[in-house]
Amino acid sequence: AVFTNNLPEGEATTIHWHGLRIANDMDGVPAVQSPVQPGETFTYEFVVPDSGSYWYHPHVRTNVQLERGLYGAIVIHEEIDYALDKDRYFVIDDVRVDDDGDFAAVENLQGPDGVHGRHGNMLLINGEAEPLSDTVRPSGVERWRIVNTANARTMWVTVKGADWRVIAVDGPLLPQPYTADYLRVPVGRRFDLEVIAHGDADEVSLEIMLPGESAWNYYPMFVGSVEGEAGAGEQIDWKAPAIPPVTGVEQTTELELNVNSDTALEWTINGDTYAEADDIRVQHNVPGEVLITNLSAFEHPFHLHGQFFQVVERNGEPAEQPGWHDTVLVEGQDTLKLLTNWDNPGRWMAHCHILEHAELGMMREIVVE
Ligand code: C2O
Ligand code: CU
């Protein structure tokens, strides 16, 4: 990928490939490359190791640059050519606009935006404020890839007019698809759905609900009118790669998430902000557990660069479907246990994906050495 920065004077940037387990020097963060200055070009060169749905965004002034639209989806296809009627992606975002319809100024992070992250007042899908529309075949079999690129807000998502199940979360296909009534999609995470339109439905829709609103409003952001020749109507036999459990754990990394407002608002990991903290060091190719304790009452969608992990425990109970992930929602007061093989060496960021929390300190460098 040949990247040229055409942003105005003073706006250096990078491109980070969220979720791709590529070589460290191509990860697109200031810890491994000098930000690309306006007018400069940088060539990102890497081999993509995993199929699935990913995305990209800058890693410099991320809360501002990402809010203003610097992001996109990445689809890495499996080698198998599944018989789908359609493979779609839906990038969902909420942006804050002012009365003139411009991006509202970024507020001082010492205010409410620093506490909750910046919530928008306009929903976008694939960059558009108007819901997308298309046709969908009756009993057609589709794959929908959803990524939440908002600065902060966890979106609740459901599908109407179809049978649907989750076939991947973040990484490659899950060994066992599962069904749900709705999904909580934290920022950064991706959900891939198999969607089979009801043969007798008029419409199939992707609907978003926003927690925090006074009522449960459903916003249809994609509406497919059901027409045309009937599709196969059958679930696909997805050939997921085996997910070996992480065994022989020999190292432990503890991350305590907290907030500190003694003098100024700060979000901390193990008591320190990113600027104050030392690196965390782990051994390459030595399986490890990562214990996350959220001492704050706020949720933190936590993201680890460069590695996949499995979420094995939440508050002492077995957690989640087996699968490889790179982002996980840590709820207020949660404790989580993740397992990872630490198989990708280098200097990797670990941070809350509420971009205002990351800006205010909830970020670390983990060196896999
Ligand atoms: Cu999606 Cu550190 O990033
Ligand atoms: Cu956070």
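Which backbone oxygen does the side chain of H325 reach? That of V169, at 3.0 Å. The model is predicted, and H325 is a good place to enter it.

**Around H325**

H325 sits in a loop. Strand 22 (317-318) comes before this loop, and strand 23 (327-330) follows it. Is H325 buried or exposed? Its relative accessibility is 2%, so H325 counts as buried, because buried means under 20%. Leaving aside neighbours within four places in sequence, H325 is in contact with V169, D170, R189, Q307, F308, F309, V311 and E320. V169 thus appears both in this list and as the owner of the backbone oxygen.

**The copper site**

Next comes the copper ion (ligand 2). Its protein donors are H300 (ND1), C352 (SG) and H357 (ND1). They lie 2.0 to 2.1 Å from the ion. Along the chain these donors follow the spacing H-x51-C-x4-H. H300 belongs to strand 20 (residues 300-304) and C352 to strand 25 (residues 346-352). The two are 52 residues apart, and the pair links distant parts of the chain.

H300 is buried. C352 has 0% relative accessibility, so it counts as buried too. Beyond its neighbours within four places in sequence, C352 is in contact with H300, P301, F302, H357, A358 and M362. Two of the copper donors, H300 and H357, are in that list. Y218 is another matter: its C-alpha atom is separated from that of C352 by 27 Å. Along the chain, C352 and Y218 are 134 residues apart.

**Cores and a cavity**

Two nonpolar cores can be set side by side.

| Core | Size | Some members |
|---|---|---|
| Largest nonpolar core | 31 residues | W144, V159, L193, V204 and L206 |
| Another core, apart from it | 29 residues | V290, I292, W342 and I366 |

The members named for the largest core are those with the most contacts inside it. Take L206 as an example. Not counting residues up to four places away in sequence, L206 touches residues including F90, I125, W144, I146, V157 and V159. Y219, P220, M221 and F222 are also among them.

How many cavities of 30 Å³ or more does the structure hold? There is 1. The largest cavity has a volume of about 70 Å³. Its lining includes L255, F302, L304, F309, V328, L338 and A350. V290, I292, W342 and I366 line the cavity as well, and these four are also among the residues of the 29-residue core. Strand 19 (288-294) and strand 20 each supply at least two residues of the lining. Strand 20 is also where H300, the copper donor, is found.

Conventions
Residues are numbered from 1 along each chain as its sequence is written. Chains are lettered from A and ligands numbered from 1 in the order in which they are written. This is a predicted model: local features need pLDDT of at least 70, side-chain atom pairs count only at pLDDT 80 or more; totals for chains, interfaces and linings use all residues. Side-chain values use heavy atoms; hydrogens and water are left out. Donors are N, O and S atoms within 2.8 Å of the metal (3.2 Å for Na, K and Ca); water is not among the atoms, so sites may look incomplete. Helices (H or I, at least four residues) and strands (E, at least two) are DSSP runs, numbered from the N terminus. Buried means under 20% relative accessible area, exposed over 50%, partly exposed in between (1.4 Å probe, protein chains only). A nonpolar core is a set of buried Ala, Val, Leu, Ile, Met, Phe, Trp, Tyr and Cys residues joined through side-chain atoms within 4.5 Å. Contact means heavy atoms within 4.5 Å. A polar contact is a pair of N or O atoms within 3.5 Å; within protein, one must be able to donate a hydrogen and the other to accept it, and residues adjacent in sequence count only if both atoms are side-chain atoms. On a 1 Å grid over the protein atoms alone, a cavity is a set of points where a 1.4 Å probe fits but cannot get out, and a pocket is an open set with protein on both sides within 12 Å along at least five of seven lines; lining residues have an atom within 4 Å of a point. Grid points are joined across faces, edges and corners, and a volume is the space filled by probe spheres set on the points.
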